[in-house]
Amino acid sequence: MIAILSPDLETDQIDEAIEKIKLTISNSGGTETEAELQGRKRLAFPIRDHLDGNVVVSKFEIDPGKVHDIGVVLRQDERCLRNMVVRT
């Protein structure tokens with residue numbers, strides 16, 4: 001999963017957001033294998049008036065029926081500008 005977090009977040013707030021992603025995955029019955037902060041990246045187009053974002057790449061295993069639940073929780077979090085789950 002790729003999540004783009006707000007560029008306005010401090011380091012501790014980014015860590016809290018990553019922990020929330022991990023907690024959401026585990027609460028949905030998944031197991032996370034890796035979560036990596038890729039750093040601040042320039043976006044191809046503005047999202048909520050932001051031209052940059054903190055990119056987090058998270059790898060996990062979960063039942064395909066539960067993937068939607070993760071997206072719903074992250075869309076409700078104002079720190080997360082966008083998220084996308086990619087199957088591999």
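This is a short talk on the core, the salt bridges and a few individual residues of one structure.

Hi everyone, thanks for coming. Before anything else, please keep in mind that this is a predicted model.

Let me begin with the inside. The largest nonpolar core has 15 residues, and those touching the most other members are Met1, Leu5, Ile21, Phe60, Ile70 and Leu74. Which elements supply at least two residues of this core each? They are strand E1, residues 2–5, helix H1, residues 11–27, strand E3, residues 50–61, and helix H2, residues 67–76. Helix H1 gives the largest share, with 5 residues.

Take Leu74 as one member of that core. If we set aside its neighbours within four places in sequence, Leu74 is in contact with Met1, Ile21, Cys80 and Asn83. Two of those names, Met1 and Ile21, were also on the list of core residues that touch the most other members.

Met1 and Ile21 come back once more when we look at Ser58. This serine sits in strand E3. Is Ser58 buried or exposed? Ser58 counts as buried, because its relative accessibility is 2%. Not counting residues up to four places away in sequence, Ser58 touches Met1, Ile21, Ile25, Glu32, Glu34 and Ala35. With Glu32 there is also a polar contact between the side chains, at 2.4 Å. If you have the viewer open, that pair is a nice one to click on.

Now to the charges. How many salt bridges does the structure hold? There are 7, and I will walk you through three of them.

One is between the side chains of Lys22 and Glu19, at 3.7 Å from N to O. Both are in helix H1, and because they are 3 residues apart, about one helical turn separates them. As for exposure, Lys22 is partly exposed, with a relative accessible area of 31%, and Glu19 is partly exposed too, at 46%.

Another pairs Lys20 with Asp77, where the side chains meet at 3.9 Å from N to O. This bridge links distant parts of the chain, since Lys20 is in helix H1 while Asp77 is in the loop between H2 and strand E4, residues 80–84, and 57 residues lie from one to the other along the sequence. The two ends also fall into separate exposure classes: Lys20 counts as partly exposed because its relative accessibility is 30%, whereas Asp77, at 9%, counts as buried.

My third example is Asp52 with Arg42, whose closest N and O atoms are 3.7 Å apart. This pair, too, links distant parts of the chain: Asp52 belongs to strand E3 and Arg42 to strand E2, residues 31–47, with the two 10 residues apart. Arg42 counts as exposed, with 61% relative accessibility. And some bridges share partners, which joins Glu16, Lys20, Asp77 and Arg79 into one network.

Let me go back to Glu19 for a moment, as there is a distance I wanted to show you. Glu19 lies in helix H1. Its C-alpha atom is separated by 9.4 Å from that of Ala35, a residue 16 positions apart from Glu19 along the chain.

For those of you who like backbone torsions, have a look at the loop between E2 and E3, where we find Arg48 and Asp49. Arg48 is not a glycine, yet its phi is positive, at about 50°. Asp49 is likewise a non-glycine residue with a positive phi, of about 65°. How exposed are they? Arg48 counts as partly exposed, at 47% relative accessibility, and Asp49 is exposed, with a relative accessible area of 78%.

Last stop, the surface. Which residues form a nonpolar patch there? Ile2, Met84 and Val86 do, and together they have about 250 Å² of accessible area. Val86 has its place in the segment after E4, and it counts as partly exposed because its relative accessibility is 44%.

To recap: we saw a core of 15 residues with its largest share from H1, and a set of 7 salt bridges. We also met a buried serine, Ser58, and a surface patch made of Ile2, Met84 and Val86. Thanks for listening, and I am happy to take questions.

How values were computed. Residues are numbered from 1 along each chain as its sequence is written. This is a predicted model: local features need pLDDT of at least 70, side-chain atom pairs count only at pLDDT 80 or more; totals for chains, interfaces and linings use all residues. Side-chain values use heavy atoms; hydrogens and water are left out. A nonpolar core is a set of buried Ala, Val, Leu, Ile, Met, Phe, Trp, Tyr and Cys residues joined through side-chain atoms within 4.5 Å. Buried means under 20% relative accessible area, exposed over 50%, partly exposed in between (1.4 Å probe, protein chains only). Helices (H or I, at least four residues) and strands (E, at least two) are DSSP runs, numbered from the N terminus. Contact means heavy atoms within 4.5 Å. A salt bridge is a side-chain nitrogen of Lys or Arg within 4 Å of a carboxyl oxygen of Asp or Glu. A polar contact is a pair of N or O atoms within 3.5 Å; within protein, one must be able to donate a hydrogen and the other to accept it, and residues adjacent in sequence count only if both atoms are side-chain atoms. Patches are made of residues with over 30% relative accessible area and no salt bridge: like charges are joined within 9 Å, nonpolar side chains (Val, Leu, Ile, Met, Phe, Trp, Tyr) within 5 Å. Accessible areas come from the Shrake-Rupley method with a 1.4 Å probe; for residues, only the protein chains shown count as cover.
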